[in-house]
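Trainee: I'm new to this one. Could you take me on a close look at the largest pocket and what sits around it?

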Amino acid sequence: MVKRAENIIVGISVGDLNGIGAEVILKTFEDTRMLEMCTPVIFANVKILSFIKKNLNLESNVQGIDKLEQLIHGKINVLNVWREGVNLEFGVNDENVGKYAIKSFVAATQALKEGLIDVLVTAPINKYNIQSEEFHFPGHTDYLNQELEGDALMLMVQDNLRVGLLTDHVPVNEVSNHLTEALIRTKIQTINKSLVQDFSINKPKIAMLGLNPHCGDHGVIGKEDDEVIKPALKKLFEEGIMVFGPFSADSFFGSGQYEKYDAVIAAYHDQGLIPFKTLSFGKGVNYTAGLAKVRTSPDHGTAYEIAGKGQADFNSFKEAVYLAIDVFNNRNEHNELIKNPLKTKQKQL
């Protein structure tokens with residue numbers, strides 16, 4: 001049975017409490033219309049959220065609960081993941097605060113795995129201060145890839161602009177070492193499946209950017225585009241996936257070519273993220289495609305420089321909530337359609 005929108009439970013990991021995470025969460029749900037779309041539950045501590053709310057002069061009413069069975073629809077629920085107080089100093093990189101960011105994230109991920117929440121939206125963390133013997137991952141995505149079934153792919157989304165990454169948190173001087181036909185196949189198959197089931201695009205068109213300047217100029221500036229990327233794309237196209245490229249990255253976005261495709265795959269992090277963030281105007285969302293569960297996050301970091309000042313723009317976080325709900329609904333609809341081939345045929349007609 002498909003859930004009604006207002007019953008979709010949005011789990012939220014609070015992120016770095018010295019950053020802007022709690023601020024953008026609370027600002028998002030100050031608009032009570034959001035509570036008609038979903039039921040939020042923040043994994044944190046209600047006293048800390050109340051302190052931050054008071055410090056920022058926000059009017060969001062938070063409701064503390066000790067277990068998810070106590071969740072109240074129409075309220076901003078805060079699940080008490082810990083009881084002790086945490087010393088906050090806005091704008092400061094603090095290892096102790098990082099530990100609580102991970103407590104929140106791990107608890108929210110477990111609830112997602114168990115089906116106690118429907119989707120997960122993660123507020124920004126500091127990738128340095130979260131490291132410990134218990135948690136040694138570059139960020140959210142790598143942990144989720146371990147804990148949830150599937151092959152994670154970072155997909156940046158803003159309306160019809162979707163930019164995926166072949167490699168994400170990899171040093172630039174190591175990117176070419178990671179570039180293999182197997183990786184290209186896995187990532188493009190993942191994004192193709194996601195476009196179908198998560199974004200309801202029946203026959204997606206995908207563009208792949210080249211690794212080297214001018215796609216290597218026939219081997220003059222690097223051979224990876226000719227020897228690795230092109231053969232992999234050719235095989236995928238022959239198998240029925242509409243993937244095109246590689247395209248020279250320097251002119252692809254500026255010329256508007258991206259508008260012809262449902263998604264673009266960049267070879268490495270900054271090749272995709274710089275044009276995406278330039279075009280998305282602070283409303284972009286980081287969606288983790290390829291997992292059995294739905295996770296989104298805003299496209300910004302902890303923003304220590306403005307933390308605690310009430311200046312944070314919450315639009316990206318709000319869009320992350322919207323996208324999580326949309327993907328959840330699209331997946332449910334897709335699963336219903338594939339159960340009933342007649343419905344699928346009727347929809348195509």
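Mentor: Here is a walk through the largest pocket, followed by its surroundings. Keep in mind that this is a predicted model. The largest pocket holds about 500 Å³ of space. Its lining is made up of 21 residues, and the closest to the centre are Gln-197, Leu-291, Ala-292, Lys-293 and Arg-331. Now for the elements: strand 6 (150-158), helix 7 (181-197), strand 11 (285-291) and helix 11 (315-339) each give two or more residues to that lining. Helix 7 gives the most, with five residues. If you sort the lining of the largest pocket by class, you get nine polar, seven charged and five nonpolar residues.

Strand 6 is a good thread to follow onward. The second largest pocket, with about 380 Å³ of space, is lined by 23 residues, and Lys-127, Asn-286, Ser-297, Pro-298 and His-300 are the closest to its centre. Strand 6 gives two or more residues to this lining too, as do helix 5 (140-147), helix 10 (269-280) and strand 12 (294-298). By class, the lining of the second largest pocket has twelve polar, seven nonpolar and four charged residues.

From there, helix 5 takes you to helix 4 (residues 95-113): the two axes come within 11 Å and cross at roughly 35°, and the crossing is right-handed. On the helix 4 side, Phe-105, Val-106, Thr-109 and Lys-113 do the meeting, while helix 5 brings His-140, Tyr-143, Leu-144 and Glu-147. Those contact residues divide into four nonpolar, two polar and two charged.

Definitions and conventions. Residues are numbered from 1 along each chain as its sequence is written. This is a predicted model: local features need pLDDT of at least 70, side-chain atom pairs count only at pLDDT 80 or more; totals for chains, interfaces and linings use all residues. Side-chain values use heavy atoms; hydrogens and water are left out. On a 1 Å grid over the protein atoms alone, a cavity is a set of points where a 1.4 Å probe fits but cannot get out, and a pocket is an open set with protein on both sides within 12 Å along at least five of seven lines; lining residues have an atom within 4 Å of a point. Grid points are joined across faces, edges and corners, and a volume is the space filled by probe spheres set on the points. Helices (H or I, at least four residues) and strands (E, at least two) are DSSP runs, numbered from the N terminus. Ala, Val, Leu, Ile, Met, Phe, Trp, Tyr, Cys and Pro count as nonpolar, Asp, Glu, Lys and Arg as charged, and the others, Gly among them, as polar. Axes are lines fitted to C-alpha atoms, for helices over the stretch in contact, and angles run from 0 to 180 degrees between N-to-C directions. A crossing is left-handed if the near helix is turned anticlockwise from the far one by less than a right angle, and right-handed if clockwise. Contact means heavy atoms within 4.5 Å.
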